[in-house]
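Please open the model in your viewer and display side chains as sticks. The tour that follows moves through selected charged pairs, one stop at a time.

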Amino acid sequence: MEKTLSIIKPDAVAKNVVGKIVDRFESNGLRIAAMKKIQLSVSDAGKFYEVHAQRPFFGELVEFMTSGPVVVMVLEGENAVSKNRELMGATNPKEADAGTIRADFADSIDANAVHGSDSLENAKIEIDFFFAGREVL
């Protein structure tokens with residue numbers, strides 16, 4: 001069983017589609033092992049996305065991720081990392097396959113509804129960033 005991190009971003013939370021997105025995960029064999037709604041600080045968003053710190057979009061990304069609450073989750077299941085990424089669709093919703101979360105709920109490449117870990121190694125780092133061990137069931 002793999003674990004991966006998923007974030008429902010401020011744009012999707014504001015659209016009130018959290019339940020619809022969670023249903024996509026659960027209906028496709030992923031289990032919610034932990035979940036909470038939080039407001040990221042500029043410091044937290046900067047630390048979480050520091051891998052992108054030298055990229056031109058970093059400031060806008062931090063601003064967007066702190067613009068409203070997010071829902072962070074640990075998803076668990078067989079091939080959870082790749083399954084989550086498949087369900088999310090391409091980063092640019094205009095390029096995402098029909099029926100994916102981003103095709104259905106994202107507005108743009110910047111406001112793209114969800115984040116998902118890109119590897120098992122990063123999943124562990126990202127899960128540990130948001131959750132204490134006792135919070136993941």
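A residue is called buried when its relative accessible area is under 20%, and exposed when that value is over 50%, with partly exposed in between. The model on display is a predicted one.

**First stop: E76.** Select E76 in strand β3, which spans residues 70-77. Is E76 buried or exposed? Its relative accessibility is 14%, so E76 counts as buried, the cut-off being under 20%.

**Second stop: K3.** Add K3, in strand β1 (residues 2-8). K3 and E76 form a salt bridge, with 2.9 Å between the closest N and O atoms. The two partners are 73 residues apart, and the pair links distant parts of the chain. K3 itself is partly exposed, at a relative accessible area of 32%.

**Third stop: R31.** Next, select R31, which also meets E76 in a salt bridge, here at 2.5 Å from N to O. Because R31 belongs to strand β2 (residues 31-38) and E76 to strand β3, this pair ties together parts that lie 45 residues apart in sequence. R31 counts as partly exposed, with 39% relative accessibility. Keep the three residues on screen: K3, R31 and E76 are linked in a network of salt bridges.

**Fourth stop: helix α7.** Move to residues 120-130, which make up helix α7, and select K124 and D128. Their side chains meet in a salt bridge of 2.8 Å, N to O. The two residues are four apart, about one turn of the helix. K124 counts as exposed at 52% relative accessibility, whereas D128 is partly exposed at 45%.

**Overall count.** How many salt bridges does the model contain? The count comes to six, and those visited here are among them.

Definitions and conventions: Residues numbered from 1 in each chain as written. Predicted model: local features only at pLDDT ≥ 70, side-chain atom pairs only at ≥ 80, totals over all residues. Heavy atoms only, no water. Salt bridge = Lys/Arg side-chain N within 4 Å of Asp/Glu carboxyl O. Buried < 20%, exposed > 50% of the residue type's maximum accessible area, 1.4 Å probe, protein only.
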